Amino acid sequence: MLHSSFLEHYRHIIKTSSISAFDEKIDESNLPIIELLAGWLTDFGFSINIQAVPGTNNKFNLLASLGSGEGGLLLCGHSDTVPFDEGRWQSDPFKLTERDGKLFGLGTCDMKGFFAFILEALKAVELDKLTKPLYILASADEETSMAGARFFAQQQLIKPDMAIIGEPTELVPIYKHKGHIAQSLNIQGKAGHSSDPAKGVNAIEIMYQAIGQLMDLQTKLKAKYHDDAFSVPHVTMNLGHIHGGDGENRICGQCLLNFDLRAVPELSDQEALAMIDAALEPVRERFPNRLSLDLMYPTAPSFACKDEQNIIELAEKLTGKKAKSANYATEAPFINLLGCDTLVLGPGSIDQAHQPDEFMSLSYVEPTVRLLQQFIHGVCIG
């Protein structure tokens with residue numbers, strides 16, 4: 001049976017808007033949700049550390065700590081949500097609505113609702129018997145730049161043994177995922193009348209050569225880097241958006257290509273970026289000062305669990321499910337930098353994320369609460 005306090009926590013979490021967006025007009029501070037969580041965790045006896053995240057629009061991380069000593073367990077979630085589609089929801093996105101055994105609302109699944117599960121789990125844990133510390137992290141801006149997790153990794157405030165990131169995985173342990181790099185290639189030509197091509201520089205023709213180099217690189221990456229843990233077992237590159245010129249009778253003066261690359265853990269972001277630069281170098285040499293290549297947003301590195309503390313075996317035993325890989329990106333590579341075994345493991349389905357009428361099935365409540373309690377007991381009490 002559901003405790004009314006569980007639903008009450010959930011209701012307040014969903015009601016407290018914390019949208020992250022690249023559009024400054026709809027981007028919001030997450031301080032209200034951070035302060036809400038801080039109050040509840042203080043009631044459980046946690047020490048609270050709220051820190052402003054540099055380079056953001058009034059965004060904050062929260063680290064709650066209980067217990068002392070080395071190692072311990074970190075439970076992580078991001079405090080922000082994506083924007084919502086106006087008019088496409090059957091109910092108010094900021095009002096928790098229970099219907100057909102599901103809880104509807106923005107962030108119910110991805111992933112503010114995870115904090116309600118944590119709070120529910122804490123009720124039945126003998127927190128005065130912790131022999132290792134228990135940490136809870138609420139991070140900022142996961143849905144855009146992952147600035148909160150990046151900053152937290154830089155600070156190195158804690159050194160837990162294990163970390164669980166409660167993204168919606170249907171309670172299947174995720175032990176690795178690909179990274180994501182998005183770049184914009186801009187070719188600056190020289191416009192002119194198409195009747196005399198020699199009087200201009202056609203940016204589309206230069207882009208044609210650049211794309212040839214990128215396609216050659218795509219073939220090399222596919223052959224060199226392979227990981228059978230993924231449903232698509234190689235590095236992928238997608239040429240996603242191209243635009244150039246303004247008329248068939250004018251020499252194209254400018255052409256833009258946006259493309260992305262999803263790397264397996266064997267290929268680091270730095271290596272991938274260097275390989276893209278090297279592939280384009282011959283075109284740069286032929287057309288000096290006409291190519292510029294920029295990241296569209298900070299890279300999201302690939303992730304592979306260290307598994308030095310046997311977290312995969314423990315998670316498989318507790319969930320009864322085999323650990324898998326995923327094709328989406330998370331904060332896991334940054335949490336990994338704390339030196340801990342990290343898994344992505346939480347209630348709900350990724351299919352509900354970023355969708356109108358996002359929901360969390362109530363069937364996840366009991367198994368998720370039990371799983372969190374088992375992890376806390378196993379790692380922090382023993």
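**Exercise 1. Q156**

Q156 has a relative accessible area of 29% in this predicted model. Place Q156 in a burial class, then find its loop and describe its phi.

Solution. Step 1: buried means under 20% and exposed means over 50%, with partly exposed in between. At 29%, Q156 is therefore partly exposed. Step 2: Q156 sits in the loop that runs between α4 and β7 (162-165). Step 3: its phi is positive, about 55°, although Q156 is not a glycine. As background, most residues other than glycine have a negative phi.

**Exercise 2. D141 and the bond from D110 to M111**

Is D141 buried or exposed, and in which loop is D141 found? Then state whether the peptide bond from D110 to M111 is cis or trans.

Solution. Step 1: D141 lies in the loop between β6 and α4 (147-155). Step 2: the relative accessible area of D141 is 8%, so D141 is buried. Step 3: D141 is not a glycine, yet its phi is positive, at about 60°. Step 4: the bond from D110 to M111 has omega near -20° and is cis. M111 belongs to the loop between β5 (102-104) and α3. In general, most peptide bonds are trans.

**Exercise 3. Helix α2**

Compare the span of helix α2 with the expected span, list its buried residues, and name the elements these residues pack against.

Solution. Step 1: α2 covers residues 31-43, which is 13 residues. From first C-alpha to last, α2 reaches 19 Å, close to the expected 18 Å. Step 2: I33, I34, L37, A38, W40 and L41 are the buried residues of α2. Step 3: these buried residues pack against the helices α1 (4-15) and α3 (114-122), and against the strands β1 (47-52), β2 (60-66) and β6 (134-139). Step 4: just after α2 comes G45, with a positive phi of about 100°.

**Exercise 4. Helix α9 and its crossing with α3**

Describe α9 by its span and its buried residues. Then classify how α3 and α9 are set against each other.

Solution. Step 1: α9 has 17 residues and reaches 23 Å from its first C-alpha to its last, close to the 24 Å expected. Step 2: the buried residues of α9 include V365, L371, F375 and C380. Step 3: the axes of α3 and α9 come within 9 Å and cross at roughly 60°. α3 and α9 are therefore oblique to each other, and the crossing is right-handed. Step 4: on the α3 side the contact holds F114, F117, I118, E120, A121 and L122, and on the α9 side V365, T368, V369, L372, Q373 and I376. These contact residues divide into nine nonpolar, two polar and one charged. Step 5: after α9 comes G382, with a positive phi near 80°.

**Exercise 5. S195 and N258**

Which of the classes, buried or exposed, fits S195, and which fits N258? Add the surroundings of each residue.

Solution. Step 1: S195 has 59% relative accessibility and so counts as exposed. S195 is in the loop between β10 (192-193) and α5 (203-224). Step 2: S195 and R250 are 55 residues apart along the chain, while their C-alpha atoms are separated by 8.3 Å. Step 3: N258 is in strand β13 (residues 254-262). With a relative accessible area of 16%, N258 is buried. Step 4: leaving aside residues up to four places away in sequence, N258 touches Q183, S184, N238, L239, G240, H241 and M296.

Definitions and conventions
Residues are numbered from 1 along each chain as its sequence is written. This is a predicted model: local features need pLDDT of at least 70, side-chain atom pairs count only at pLDDT 80 or more; totals for chains, interfaces and linings use all residues. Side-chain values use heavy atoms; hydrogens and water are left out. Helices (H or I, at least four residues) and strands (E, at least two) are DSSP runs, numbered from the N terminus. The expected span of a helix is 1.5 Å times one less than its number of residues. Buried means under 20% relative accessible area, exposed over 50%, partly exposed in between (1.4 Å probe, protein chains only). Contact means heavy atoms within 4.5 Å. Axes are lines fitted to C-alpha atoms, for helices over the stretch in contact, and angles run from 0 to 180 degrees between N-to-C directions. Angles under 35 degrees count as roughly parallel, over 145 as roughly antiparallel, 65 to 115 as roughly perpendicular and the rest as oblique. A crossing is left-handed if the near helix is turned anticlockwise from the far one by less than a right angle, and right-handed if clockwise. Ala, Val, Leu, Ile, Met, Phe, Trp, Tyr, Cys and Pro count as nonpolar, Asp, Glu, Lys and Arg as charged, and the others, Gly among them, as polar.
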